[in-house]
Amino acid sequence: MAGIERRDNTVARLSGRRAQLLLAGAFVLAVALVGLTIVFSANSYTETLSEQDNSVQRGGNALAVRESVTVNLGDILARVNRGDVPSSTRSDQFQDNVTVYANATNDYHARNGRLVNVSADSITLDSGARIEQDSVRNFRDPSMTNSDWYPVPTDSRVRNMRFNFTNLPSSTGSPPFVVQFNVSGNNDWKLLFSEASGNAELTVDEVGGSFEATCRRPFDPTTSTWAKVNVSEATFNGEFCPALAGLDPAGDYRVRFENGTIPNGRYSMLTSLGTGTVPSSVEVIYSAEVPFRYYSSTIAYERELRIAPGEI
Amino acid sequence: MVGDRALSTTVSYTLLIAITFALVGGLIVGTDTLIRDQRQQASQDQLELTTQELSSLLKTADRLADSNSRTNTLEITYGLKRRVAGSQYVIVIDEDTSWSGAGTRYEIRLLGRDFDGSTRTVITMQNTEIDLQGGPELRVNGGPLRIDYDQSSNELVLIDA
């Protein structure tokens with residue numbers, strides 16, 4: 001009996017060891033499957049990561065370079081049009097400056113594997129005129145006879161339009177001072193300037209259209225403060241004016257001043273008309289057309305850049 | 001002797017093996033389902049990403065071309081993925097004729113060929129139009145793409161690169 005008991009115990013011990021071996025095998029298999037899943041997931045994740053493109057969207061760089069070149073050439077044009085540059089040398093000075101700029105730009109972008117070419121030899125320049133009242137007086141015509149007149153009498157374009165007022169008509173007793181854009185075949189636009197309750201008011205109105213908006217800034221003509229309006233940059237006393245940002249004449253236009261007797265101040269603008277058409281004006285370069293090329297491994301882009309900063 | 005009553009070694013082994021196979025089988029089935037769901041999700045995510053890349057590319061080309069006639073040449077080559085999660089896809093572009101605002105509105109859809117996935121986005125082109133090549137919609141195979149600007153018609157032409 002004791003022998004049988006010992007034999008039964010031995011069988012039981014050996015069975016337990018075989019069962020544990022099977023469990024261990026199953027555990028190893030389960031771990032192997034989980035490991036395989038992890039490997040596949042990691043592979044998919046790595047593949048996704050490697051395909052991510054964090055570089056600038058292709059084409060986005062061409063846009064940025066185009067805008068940068070346009071702004072820089074606009075700065076050169078503004079410098080050349082300054083009063084201290086003789087008008088007879090402006091064209092040559094512009095071309096010379098653009099040549100220097102073009103060479104520097106070409107070298108800079110070549111280091112990054114791109115061809116950026118600004119062709120200084122093929123520039124087309126359009127002359128125009130600067131209309132300016134640089135001393136403080138009312139806004140009548142230069143002969144001081146008409147309060148309603150056309151500073152820009154023929155269809156054209158205007159840029160860099162600025163007004164600095166020392167005095168404005170009161171909104172309660174007088175008609176506002178009006179700068180009107182008479183657009184051929186489309187809605188006219190009006191800028192209405194007045195003063196009310198210690199504020200200078202500027203209203204932009206599309207005649208016959210849906211746009212009308214007003215900006216107000218503190219203004220006290222008795223304390224030598226100015227109301228400064230930059231129509232091209234859409235600012236009023238240095239701050240952004242949403243009403244001016246909405247000014248959008250659709251086509252060429254004439255510019256007319258109305259009720260110019262009461263307001264006092266200065267103004268300045270550049271027009272694409274020649275000095276022969278616009279009296280009391282100074283010849284300037286109004287705009288330039290500059291050939292521009294941008295080539296990279298993925299983009300071929302050629303166009304004419306129109307340089308007319310602040311054009312309305 | 002009392003501890004051995006109603007105890008069969010064979011039954012123990014059989015139960016052990018059955019439980020082990022049940023557990024391992026369940027693990028395999030669960031993992032398979034998980035991987036399949038993950039792959040479907042990864043495919044959809046990749047399609048979404050590709051759709052956004054394409055719409056961004058078209059908007060950039062629209063801005064480069066501008067609405068005037070001064071752009072003489074514009075060619076953009078972009079390497080969209082040929083396959084998404086191992087499967088091909090097709091790009092479908094059609095015009096939203098009900099759009100009455102400024103510019104031209106297009107609907108862009110990416111459809112998987114071998115898997116059940118699709119994405120949709122809408123873009124508005126302000127300066128140019130997309131050449132639908134005479135049809136109601138444009139179909140292009142997914143993969144490297146070239147966009148050419150046709151100055152005469154002020155349209156962007158999409159071609160397999």
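**Entry 1: a pair along a helix**

I started with B:Asp32 and B:Arg36, whose side chains meet in a salt bridge at 3.0 Å, N to O. Both residues sit in helix α1 of chain B, four residues apart, which is about one turn of the helix. I looked up how open each one is. B:Asp32 is partly exposed, at 38% relative accessible area, while B:Arg36 is exposed, at 57%. A note to myself before going on: this is a predicted model.

**Entry 2: how many salt bridges?**

Next I wanted the count for the whole structure. The search over all chains turns up 18 salt bridges. I jotted down the general idea too: side chains of opposite charge can pair when their charged atoms come close.

One of the 18 caught my eye in chain A. A:Arg157 pairs with A:Asp252, with the closest N and O atoms 3.2 Å apart. A:Arg157 lies in the loop between β3 (149-156) and β4 (158-167) of chain A, and A:Asp252 in the loop between α4 (242-245) and β12 (253-258) of chain A, so this salt bridge ties together parts that are 95 residues apart in sequence. I checked accessibility here as well. A:Arg157 is partly exposed, with a relative accessible area of 22%. A:Asp252 is also partly exposed, at 38%.

Back in chain B, I found a network of salt bridges. It links B:Asp94, B:Glu107, B:Arg109, B:Arg120, B:Glu137 and B:Arg139.

**Entry 3: where chain B meets chain A**

Then I turned to the interface. I noted 32 residues of chain B in contact with 31 residues of chain A. The area buried between the two chains is about 2,800 Å², and carbon and sulfur atoms give 60% of it. Which three residues supply the most of what chain B buries against chain A? They are B:Tyr13, B:Leu64 and B:Arg70, with 22% of that area between them.

I went looking for charged pairs across the interface, and the rule finds three salt bridges there. In one of them, the side chains of B:Arg70 and A:Glu289 meet at 3.2 Å, N to O. So B:Arg70 shows up twice in my notes, as a salt-bridge partner and among the top three for buried area; I cite no rule for that, just the two look-ups.Another salt bridge joins B:Asp66 to A:Arg303, with the closest N and O atoms 2.7 Å apart. This pair crosses between chains, from the loop between α1 and β1 of chain B to strand β15 of chain A. Are B:Asp66 and A:Arg303 buried or exposed? Both are buried.

I also counted polar contacts over this interface. The rule finds 10 residue pairs, both residues at pLDDT 80 or more. On the chain B side, the elements that give two or more residues are α1 (9-65) and β1 (71-79). Helix α1(B) gives the most, with 18 residues. By type, the chain B side divides into 13 nonpolar, 12 polar and seven charged residues.

**Entry 4: a strand pairing between chains**

I followed β1(B) a bit further. It pairs with strand β15 (residues 299-307) of chain A in the antiparallel sense, over five bridges. Which residue of β1(B) stands opposite A:Tyr301? I found B:Leu74 there.

**Entry 5: the strands of chain B**

Now for strands that pair within chain B. Strand β2 (residues 89-95) and β3(B) run antiparallel and pair over seven bridges. In this pairing I noted B:Ile91 opposite B:Leu110 of β3(B). On to the next pair: eight bridges join β3(B) to strand β4 (residues 118-125), again antiparallel. These two strands, β3(B) and β4(B), form a hairpin with five residues between them.

**Entry 6: a closer look at B:Thr104**

Last, I picked one residue of that hairpin, B:Thr104, which lies in strand β3 (residues 104-112) of chain B. Its bridge partner in β4(B) is B:Met125. Why does B:Thr104 count as buried? Its relative accessibility is 11%, and the cut-off for buried is under 20%.

I listed what touches B:Thr104, leaving aside neighbours within four places in sequence. The contacts are B:Glu95, B:Trp99, B:Ile123, B:Thr124, B:Met125, B:Thr128 and B:Glu129. For B:Glu129 I looked up the spacing as well: B:Thr104 and B:Glu129 are 25 residues apart in sequence and 6.6 Å apart in space, C-alpha to C-alpha.

How values were computed:
Residues are numbered from 1 along each chain as its sequence is written. Chains are lettered from A and ligands numbered from 1 in the order in which they are written. This is a predicted model: local features need pLDDT of at least 70, side-chain atom pairs count only at pLDDT 80 or more; totals for chains, interfaces and linings use all residues. Side-chain values use heavy atoms; hydrogens and water are left out. Contact means heavy atoms within 4.5 Å. Buried area is the accessible area (1.4 Å probe) that two parts lose on being put together, summed over both. A salt bridge is a side-chain nitrogen of Lys or Arg within 4 Å of a carboxyl oxygen of Asp or Glu. A polar contact is a pair of N or O atoms within 3.5 Å; within protein, one must be able to donate a hydrogen and the other to accept it, and residues adjacent in sequence count only if both atoms are side-chain atoms. Ala, Val, Leu, Ile, Met, Phe, Trp, Tyr, Cys and Pro count as nonpolar, Asp, Glu, Lys and Arg as charged, and the others, Gly among them, as polar. Two strands pair if DSSP finds at least two bridges between them. Buried means under 20% relative accessible area, exposed over 50%, partly exposed in between (1.4 Å probe, protein chains only).
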